[in-house]
Each structure stands twice: as structure tokens, then as C-alpha cells.
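Student: I have a structure open and would like to test the words we use for it. Could we take the terms one at a time and check each against its cut-off?

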Amino acid sequence: MTFHLPTKPAILTPDEQQAVWFLGALIRIRTGGTETGDQLAVLEHLGERGYNSPAHLHNHDDETFLVLEGELRVEVDGETRPVGAGAAAFLPRKLSHAFVVTSPEARFLTLHTPAGFEKFVLKAGTATPPLEDLPPDPAALGAMAAAYGIEIVGPPPAL
């Protein structure tokens, strides 16, 4: 990935930010690589109980969770931890991890350094909520993720 240092600030109003439905939750891309010289992406997740990710690892970026409301259970390299409102979890690249929302609803940020994860979310997401609450096809999701340096290494955690 090529980095370039930004030379001007990026201030995006909510109307300028992209939002997609991804793995059953609404994801708002608050800022991404285009605005930060590929150094940082900030995504806001709004998901209901049971919203989760498959176990995966990022080959190119570190991921930080900042929980604003609700509670998640984060599984990292075989260790399970509750992560509630006000908590932060830093997950270095190449470390297997997954999460599941355990409260009725949760709102949290993920920060990706460097940026790039937001491009996967935009590619795999949809502009409107899916009509049915079906899990994505694991093989198709895995192939798409691999194109963005993400390896899916296991199923999502259950409640």
C-alpha cells in the first residue's frame, strides 16, 4: 500500500459520509483513506444483539474498537473479554479476532491504521438493509476479504 501525507484537513459532515449495511449492521464510514492519505479509517457500527464478525485477521492494518454504547464480547487469539461502553480494545494486525454484540444494541467505532478496511466494507455492503437476515456465504465473503488483506479463519462467535 502506498501512503501519502495529507496536506489539508478533512472535515466531513454526516451528509458527506458513506453508509452501508454490512453483516447485518449499519456502518457509517466517518473518514477513510481518501481523506487521510491512507493512514486512518474510522467506521461507526450500529448493530443489534447478535451482530458479529467471523473470526478473522488483518494482514495490513491494526484495529481499535471504541465502544460508545452497549457491550460486545471480543475474542482475541482464544481469549474472550467483555468490552462495554467507554472501553477500548487495540488488536494488532495478524492477530485472529472476532466480536459479537451482547447487549440489545451497541454503537462503537473501529479505527483502522492504515486505512483500507473501509474499501472492503463498501464492496461487501449494501445500500439498503437486506430483506432477509441470512448470514453471508462464507466462501464468497472469504474471497472478497482476501482481496483486501483480510483472512477469515473461523466462524463468528455465538451469543
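Tutor: Happily; what follows is a set of questions about a predicted model, each answered by setting a value against a definition.

Student: Let us begin with His58. Why is His58 called buried?

Tutor: Its relative accessible area is 1%, and buried means under 20%, so His58 counts as buried. His58 belongs to strand S4, residues 55-58.

Student: What makes the pairing of the His58 and Asp61 side chains a polar contact?

Tutor: The distance between the two side chains is 3.1 Å, and the cut-off for a pair of N or O atoms is within 3.5 Å. Beyond its sequence neighbours up to four places away, His58 also touches several residues, including Arg93, Lys94, His97, His112 and Phe117.

Student: Phe117 brings me to the rings. How many aromatic pairs are there in the whole structure?

Tutor: The search finds nine. One of them joins Phe22 and Phe117, with 6.5 Å between centres and 85 degrees between the planes.

Student: What makes that pair of Phe22 and Phe117 edge-to-face?

Tutor: Planes over 60 degrees apart count as edge-to-face, and these planes are 85 degrees apart. The two rings come from distant parts of the chain, 95 residues apart: Phe22 is in strand S1 (residues 18-22) and Phe117 in helix H2 (residues 117-124). Both Phe22 and Phe117 are buried.

Student: And why is the pair of Phe120 and Tyr148 called tilted?

Tutor: Stacked needs planes under 30 degrees apart and edge-to-face needs over 60, with the rest tilted; at 45 degrees, with centres 5.8 Å apart, Phe120 and Tyr148 are tilted. This pair also links distant parts of the chain, since Phe120 is in H2 while Tyr148 sits in the loop between helix H3 (138-146) and strand S11 (150-154). Ring pairs link Phe22, Phe117, Phe120 and Tyr148 into a cluster.

Student: Are Phe120 and Tyr148 buried or exposed?

Tutor: Phe120 has 4% relative accessibility, so Phe120 is buried. Tyr148 is at 28%; that value falls between the cut-offs of under 20% for buried and over 50% for exposed, so Tyr148 is called partly exposed.

Student: Now the sheet. What order do the strands of the open six-stranded sheet take?

Tutor: The order is S1-S2-S3-S10-S5-S8, with antiparallel pairing.

Student: Why are S1 and S8 called edge strands?

Tutor: S1 and S8 (88-91) each have a single partner strand, so one side of each has no neighbour in the sheet. From one strand to the next, the twist averages 20 degrees.

Student: How do you know that S1 and S2 are paired?

Tutor: At least two bridges are needed for a pair, and S1 and S2 have five, in the antiparallel sense. Within this pairing, Gln18 stands opposite Ile29 in S2. S2 is also joined to S3 by five bridges, with Val42 in S3 as the partner of Thr31. S3 (residues 41-48) and S10 (residues 105-113) then share eight antiparallel bridges, and Glu48 is partnered by Glu105 in S10.

Student: What makes S2 mostly covered?

Tutor: Five of the seven residues in S2 are buried. Helix H2 lies across S1, S2 (25-31), S3 and S10, at about 65 degrees to S1.

Student: Which backbone features stand out in the loops?

Tutor: Leu23, in the hairpin of S1 and S2 with two residues between the strands, takes a positive phi near 55 degrees. Lys94 also has a positive phi, near 70 degrees, without being a glycine, and is placed in the loop between S8 and strand S9 (97-101). Thr113 and Pro114 are joined by a cis peptide bond with omega of about -5 degrees; Pro114 lies in the loop between S10 and H2.

Student: Why does Leu23 count as partly exposed, and why is Lys94 called exposed?

Tutor: Leu23 is at 26% relative accessibility, so it is partly exposed. Lys94 has a relative accessible area of 54%, and exposed means over 50%, so Lys94 is exposed.

Student: Which residues touch the most other members of the largest nonpolar core?

Tutor: They are Ile27, Leu72 and Phe108, in a core of 27 residues. Among the contacts of Leu72 beyond four places in sequence are Phe65, Val67, Val100 and Phe108.

Methods: Residues numbered from 1 in each chain as written. Predicted model: local features only at pLDDT ≥ 70, side-chain atom pairs only at ≥ 80, totals over all residues. Heavy atoms only, no water. Helix = DSSP H or I, 4+ residues; strand = E, 2+ residues; numbered from the N terminus. Buried < 20%, exposed > 50% of the residue type's maximum accessible area, 1.4 Å probe, protein only. Polar contact = N/O pair within 3.5 Å; in protein donor to acceptor, adjacent residues only side chain to side chain. Contact = heavy atoms within 4.5 Å. Phe/Tyr/Trp six-rings, centres within 6.5 Å; stacked < 30°, edge-to-face > 60°. Core = buried A, V, L, I, M, F, W, Y, C linked by side-chain atoms within 4.5 Å. Axes fitted to C-alpha atoms, helices over the stretch in contact; angles between N-to-C directions.
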